[in-house]
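Me: Please pick one part of this model and take me through it slowly. I'd like a close look at the surroundings of the ligand.

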Amino acid sequence: MEIKKGIAVSPGISIARALILDSEDYRIPHRSIETSQRPTEIQRVRNAFKSAIGELTELDKAHGHTEGSKIKDIFAVHMRFLHDRSLRKKITDLVQSELVTAEYAVSTVLREIALHFTKEKDAYISERAADIYDIERRLLIQLLDKKREDVGHLTEEVTIIARELSPIQTAGFNRKFVKGIASNSGGRTSHAAIVARSLGIPAVVALEDLTEYVSGGDTVIVDGNRGIVIVNPDQQTIQQYQEYSKEFAELEHKLDEIREKPAVTRDGVKIKLLGNIEFPDETETVLQKGGEGIGLYRTEFLYLNKRTDPTEEEHYQAFAKTVKVLQNRPVVIRTLDLGADKYTQRKRFAPEPNPFLGLRSIRFCLQNLAMFKTQLRAILRASVLGDVRIMFPLITNLHEIKQAKMILRDVMEDLDEESIAYNRDIKVGIMIETPSSALTAFSLARDVDFFSIGTNDLTQYTLAVDRGNELVSHLYSSADPAVLRLIRTVIQDAHKAQIDVSVCGEMASEPEYIMLLLGMGLRTLSLTAPMIPEIKQIVRSVTIENCNKVARKVLGMNSERQISSYLRAAARKILPEAF
Ligand code: PEP
Ligand code: MG
């Protein structure tokens, strides 16, 4: 029995056999093949080249860079290699002579070439090694795709064990069979964790070397409440956990009963609880859990599981589905937040050195206008079906708001010309998730209808701590006085400007923060659906007067530790079962 401690990111208990997922570094099994499999493997090599060429051609087209640009050159180099018959022959020869899999042959041949290049004195040639590794990855993605799809076709219950999980891998998990998730890396607000939470799958991340202790088929307990993973537990431990799991399920069931009750504090203040979603079919779950609408629709997920960009119609259908289910309840559609951990970096021809500080989110949209406009058209078209609002993510300055709104107006004009209906008075808001936007909230407030505070990124950027990096996860806390001061400023500035303000980061899903957030003046929270009942229970158990006291006390403290333990103790008094 091996007990590992990590970070609890999605509540619940699971006991199931391990399924190990290969991570992005594509470890290649040196798997021999039978003589009879040779033609199949050779064909797989050919298909992989063909698909990689197709993908590259699409990317090249989509980017539309000018002739002679550096990026165009990189594409051309990749293309030359992929079209090189002698390269392909070397790989298929290896399959033929050594009886190895297509993956192994691709990797061996390309790594040999790369190594050869690295040794060259000429800088131009030695730099080509990076291209070769990239081409290797490109081909392996094609070859290994089938294995990833297999996770979507499970027939028995499993615990997914991985070194690292991407948000889109996680989003593809079938919750009927994937009972628990445990990974070596990740943080509480990394997107894979957020997705696990919205799927309601217990998950623990940041387990360091967990994968070295688990083999496929081992029994694994995932305790998503306490952040513990137990590999090959003894009988007594299994029994204890089965009982604990039953108690937890009963608590959840009890909480579900308050679904129909209003989210009103004991002293009569109404709190609006909205849900965060990534896919339209989560809308029903938000309503079932007692949510009153959608406060954050992370639309970029439509992109992440597709090889080609979604069309305007695909965007529209996704939005229309959500809006129709909501029947005039509000939905805040956040425009594309691609980039950082939510851009399939494998699609990039040159990965960014600092993707979280790079071309992500609204910056990416403002440089990819065709893509941005396609989405805006779809949102506007859906706006006649219900209460649709638009939200721009990762705003850092006023200029970005002005640009984004100008593009929105352009799109409106296009729709006018085509006589397509939309809501001309659609509300436009922004996410406050950078220190710069928080510190200038007073001026940004004049140009928007609402703010939504994205505490996941705001915490990351304020404290300069990567939200997904387990090595610094002990430094990542929204209870840090610096983060709290910024949040308070934003709320005050929104109130002064008389615009709506909410929190849609994970802070709003965490029981210990609720009294503080209400005490700082928030009346709208948007959170992951499974947590709505618990948060509603807290809202219904407190008075605003008491929350104000908590906020005053906390804002006078100067240490994160002191704040965290004070908030935990305060919440424990309100809802002891949750802790
Ligand atoms: C946030 O940053 O708090 C947020 C809600 O956006 P995301 O988690 O999608 O980055
Ligand atoms: Mg964010």
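Reply: First, a bit of vocabulary: helices (H or I, at least four residues) and strands (E, at least two) are DSSP runs, numbered from the N terminus. This is a predicted model, where local features need pLDDT of at least 70 and side-chain atom pairs pLDDT 80 or more, while totals for chains, interfaces and linings use all residues. Residues are numbered from 1 along each chain as written, chains are lettered from A and ligands numbered from 1 in written order, and side-chain values use heavy atoms, leaving out hydrogens and water.

Now the site. Ligand 1 has 16 residues around it, each with a heavy atom within 4 Å; Arg-298, Glu-433, Gly-454, Asn-456 and Arg-467 are the closest. Helix H17 (455–463) gives at least two of the shell residues, as do helix H7 (191–199) and strand S10 (294–298). H17 has the largest share, with 3 residues. By type, the shell splits into 7 charged (Asp, Glu, Lys, Arg), 4 nonpolar (Ala, Val, Leu, Ile, Met, Phe, Trp, Tyr, Cys, Pro) and 5 polar (the others, Gly among them).

On to polar contacts (N or O pairs within 3.5 Å). Side-chain N or O atoms of Arg-334 and Glu-433 each come 2.9 Å from a ligand 1 oxygen, and a backbone N or O atom of Gly-454 lies 3.3 Å from one. The protein buries 100% of the 290 Å² that ligand 1 exposes when taken alone (Shrake-Rupley, 1.4 Å probe). Ligand 1 sits in the largest cavity: over half its atoms lie within 2 Å of grid points (1 Å grid) where a 1.4 Å probe fits but cannot get out.

Notes:
Polar contact = N/O pair within 3.5 Å; in protein donor to acceptor, adjacent residues only side chain to side chain. 1 Å grid on protein atoms, 1.4 Å probe; cavity = no way out; pocket = protein on both sides within 12 Å on 5 of 7 lines; lining within 4 Å.
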